[in-house]
Amino acid sequence: MDRQLAEYASSNGRQDERTEAEIDAAIHASFDMVDEAFGCPLCGNCVMDKLVWSSDYEHITCAACGITYTPGE
Ligand SMILES: [Zn+2]
């Protein structure tokens, strides 16, 4: 866990679901982002977990807004 985030959580005196979700989001933000050029052209989503490649690896479906697009175009 990120040390600063852990200190923030304890100093704030709350360890509820929202805090854990925020820490989880921060961890994902630093590890699971694709390059902006491959992100969703409609909503700008770059979260790898929400971008699903087609079986031929030519298209990506954005799980956030539902469109399918060709990356890099
Ligand atoms: Zn999208």
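1. Let us start with a word you will need below: two residues are in contact if their C-beta atoms, placed from the backbone, lie within 7 Å. With that in mind, look at C43 in this predicted model. Leaving aside neighbours within four places in sequence, C43 is in contact with C62, A64 and C65.

2. Where does C43 sit? You will find C43 in the loop between helix 2 (17–31) and strand 1. C43 has 13 other C-beta atoms within 10 Å. A residue counts as exposed with 12 or fewer and as buried with 20 or more, so C43 is partly exposed. Try following C43 across to A64: the two are 21 residues apart along the chain, and their C-alpha atoms are separated by 7.8 Å.

3. Now turn to C65, one of the contacts of C43. C65 belongs to the loop between strand 2 and strand 3. Which residues does C65 touch, not counting those up to four places away in sequence? They are C40, L42 and C43. C65 has 12 C-beta neighbours inside 10 Å, and therefore counts as exposed. There is also a spacing to look at here: from C65 to G44 is 21 residues in sequence and 9.7 Å in space, C-alpha to C-alpha.

4. It may help to step back to the whole chain. Its secondary structure comes to two helices and three strands. Reading along the sequence, you meet them in the pattern α-α-β-β-β. Of the 73 residues in the chain, buried ones make up 8%. As for contacts between residues at least 6 apart in sequence, 18% of them join residues at least 24 apart.

5. Next, the sheet. The three strands form an open sheet in the order 1-2-3, and their pairing is antiparallel. Strand 1 and strand 3 (68–69) stand at the edges with a single partner strand each, so one side of each has no neighbour in the sheet. As background, strands of a sheet pair through backbone hydrogen bonds, either parallel or antiparallel.

6. How many bridges join strand 1 and strand 2? There are three, and the two strands pair in the antiparallel sense. To see a bridge for yourself, find W53, whose bridge partner in strand 2 is I60.

7. The loop between strand 1 (51–53) and strand 2 (60–62) deserves a visit, and Y57 is a good place to begin. Y57 has a positive phi of about 60 degrees although it is not a glycine. Is Y57 buried or exposed? Y57 is exposed, because it has 8 other C-beta atoms within 10 Å, and the cut-off for exposed is 12 or fewer.

8. Two other residues of that loop are worth finding. S54 lies in the loop between strand 1 and strand 2, and E58 is found there too. S54 counts as exposed, with 11 C-beta neighbours inside 10 Å. E58 also counts as exposed, with 9 such neighbours.

9. Finally, see which residues these two can be paired with in space. S54 and T68 are 14 residues apart in sequence, and the space between them is 9.1 Å, C-alpha to C-alpha. For E58 and T70, 12 residues apart along the chain, the C-alpha atoms are separated by 6.3 Å. Have a go at locating both pairs in the structure above.

How values were computed. Residues are numbered from 1 along each chain as its sequence is written. This is a predicted model: local features need pLDDT of at least 70, side-chain atom pairs count only at pLDDT 80 or more; totals for chains, interfaces and linings use all residues. Helices (H or I, at least four residues) and strands (E, at least two) are DSSP runs, numbered from the N terminus. Two strands pair if DSSP finds at least two bridges between them.
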